[in-house]
Amino acid sequence: MLLDYDLPQYHVSKRTGLPSSVQETLLESTRSEWQNHPRFGGKANFFMTIHRDLLNGANQLSRGIERLLDTSPGDIGDAVERMNLLPFSRNMIGFAHHHHEIEDHGYFPQFALMYPELNRGLSLLDGDHKILDAALDDTQMALNGLNDTAIRRDQLAALYSGSQALENILNRHIWDEEEVIIPIFLRHG
């Protein structure tokens, strides 16, 4: 890795934006102008749509878990089933993992060859993916615990807190990832 990912300015759960050492390597681009670019309708729009779907899914998951906090303990199993929470979470989490694999094994290596100056940013995104993949797996394991008929309120509160943390790091990661990769798609369609 080209940077010490555990430093607060780099870690996805601690940073407030792209660090200056990454910003200064980005391709010249202005987010507000992306949609007006003649090549936006291709892969740039496709990736941004996938990212919106992931963000919406994380939000929907967090809201669903939040609703469980107001459910009486004996009714949690029925509420989970009514909300289709477990199949939804498996699909959303599987989709996120698959998307990261495509980026890590397909796009990012190609981008690193095309634009070596972006390697610091791509390294940052790779670190994000490791944190996100662990958070996704932890969330799914905790959700699987909802099958237990003796689920405790503190378990639900911890699950809700974890889902909010997942949503926050996904938001930070996606915003920053788009800053790094969307300009490449706009150049190459």
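A salt bridge is taken here as a side-chain nitrogen of Lys or Arg lying within 4 Å of a carboxyl oxygen of Asp or Glu. The structure is a predicted model, and by this rule 9 salt bridges are counted in it. Four residues, R15, D128, R172 and D176, are joined in a network of such bridges. This network offers a starting point for a walk through the structure.

One link of the network is the salt bridge between the side chains of R15 and D176, with an N to O distance of 2.8 Å. The two partners come from distant parts of the chain: R15 belongs to the segment before α1 (20-23), D176 belongs to helix α6, and 161 residues separate them. R15 is buried, because its relative accessibility of 6% falls under the 20% limit. D176 is buried as well, with a relative accessible area of 1%.

D176 also meets R172 in a salt bridge, again with 2.8 Å from N to O. Here the partners belong to one element: R172 and D176 are 4 residues apart in helix α6, and therefore about one helical turn separates them. Helix α6 spans residues 153-188. R172 has a relative accessible area of 17% and is therefore classed as buried. Leaving aside residues up to four places away in sequence, R172 touches V12, R15, T16 and G17. R15 thus appears twice in this description, as a contact of R172 and as the salt-bridge partner of D176.

A further salt bridge of α6 joins E178 to R52, whose closest N and O atoms are 3.3 Å apart. Because E178 sits in helix α6 and R52 in helix α2 (residues 40-69), this pair ties together parts of the chain that are 126 residues apart in sequence. Are the two partners buried or exposed? E178 counts as buried, at 0% relative accessibility. R52 is partly exposed, with a relative accessible area of 32%.

The E178 and R52 pair leads to the packing of the helices that carry these residues. Two packed helices are described by the angle between their axes and the distance between the axes. For α2 and α6, the angle is about 170° and the axes are 9 Å apart. This angle makes α2 roughly antiparallel to α6, because angles over 145 degrees are classed in that way. By residue class, the contact of α2 with α6 comprises 20 nonpolar, 6 polar and 8 charged residues.

Helix α6 also packs against α4 (residues 85-114), and the axes of this pair come within 12 Å and cross at roughly 55°. The angle makes α4 oblique to α6, because 55° lies outside the ranges for roughly parallel, roughly perpendicular and roughly antiparallel. The crossing of α4 past α6 is left-handed. Which residues form this contact? From α4 come H99, H100, E103, Y107, F108, F111 and M114, and they meet H173, E177, I181, I184, F185 and H188 of α6. These contact residues divide into 7 nonpolar, 4 polar and 2 charged.

Helix α4 has another packing partner in α5. The axes of α4 and α5 come within 10 Å, with a crossing angle of roughly 165°. That value makes α4 roughly antiparallel to α5, since it exceeds the 145-degree limit. The crossing is left-handed. The contact of α4 with α5 contains 12 nonpolar, 8 polar and 6 charged residues.

The path then turns to the connection that follows α5 in the chain. L146 is placed in the loop between α5 (119-144) and α6. At 4% relative accessibility, L146 counts as buried. Which residues does L146 touch beyond those up to four places away in sequence? Its contacts are L68, V80, L85, I151, L156 and L159. One of these contacts, L156, lies 10 residues from L146 along the chain, and the C-alpha atoms of the two are separated by 8.5 Å.

Taken together, these features centre on α6. This helix packs roughly antiparallel to α2 and oblique to α4. It also holds R172 and D176, which are linked with R15 and D128 in the network of salt bridges.

Key. Residues are numbered from 1 along each chain as its sequence is written. This is a predicted model: local features need pLDDT of at least 70, side-chain atom pairs count only at pLDDT 80 or more; totals for chains, interfaces and linings use all residues. Side-chain values use heavy atoms; hydrogens and water are left out. Helices (H or I, at least four residues) and strands (E, at least two) are DSSP runs, numbered from the N terminus. Buried means under 20% relative accessible area, exposed over 50%, partly exposed in between (1.4 Å probe, protein chains only). Contact means heavy atoms within 4.5 Å. Axes are lines fitted to C-alpha atoms, for helices over the stretch in contact, and angles run from 0 to 180 degrees between N-to-C directions. Angles under 35 degrees count as roughly parallel, over 145 as roughly antiparallel, 65 to 115 as roughly perpendicular and the rest as oblique. A crossing is left-handed if the near helix is turned anticlockwise from the far one by less than a right angle, and right-handed if clockwise. Ala, Val, Leu, Ile, Met, Phe, Trp, Tyr, Cys and Pro count as nonpolar, Asp, Glu, Lys and Arg as charged, and the others, Gly among them, as polar.
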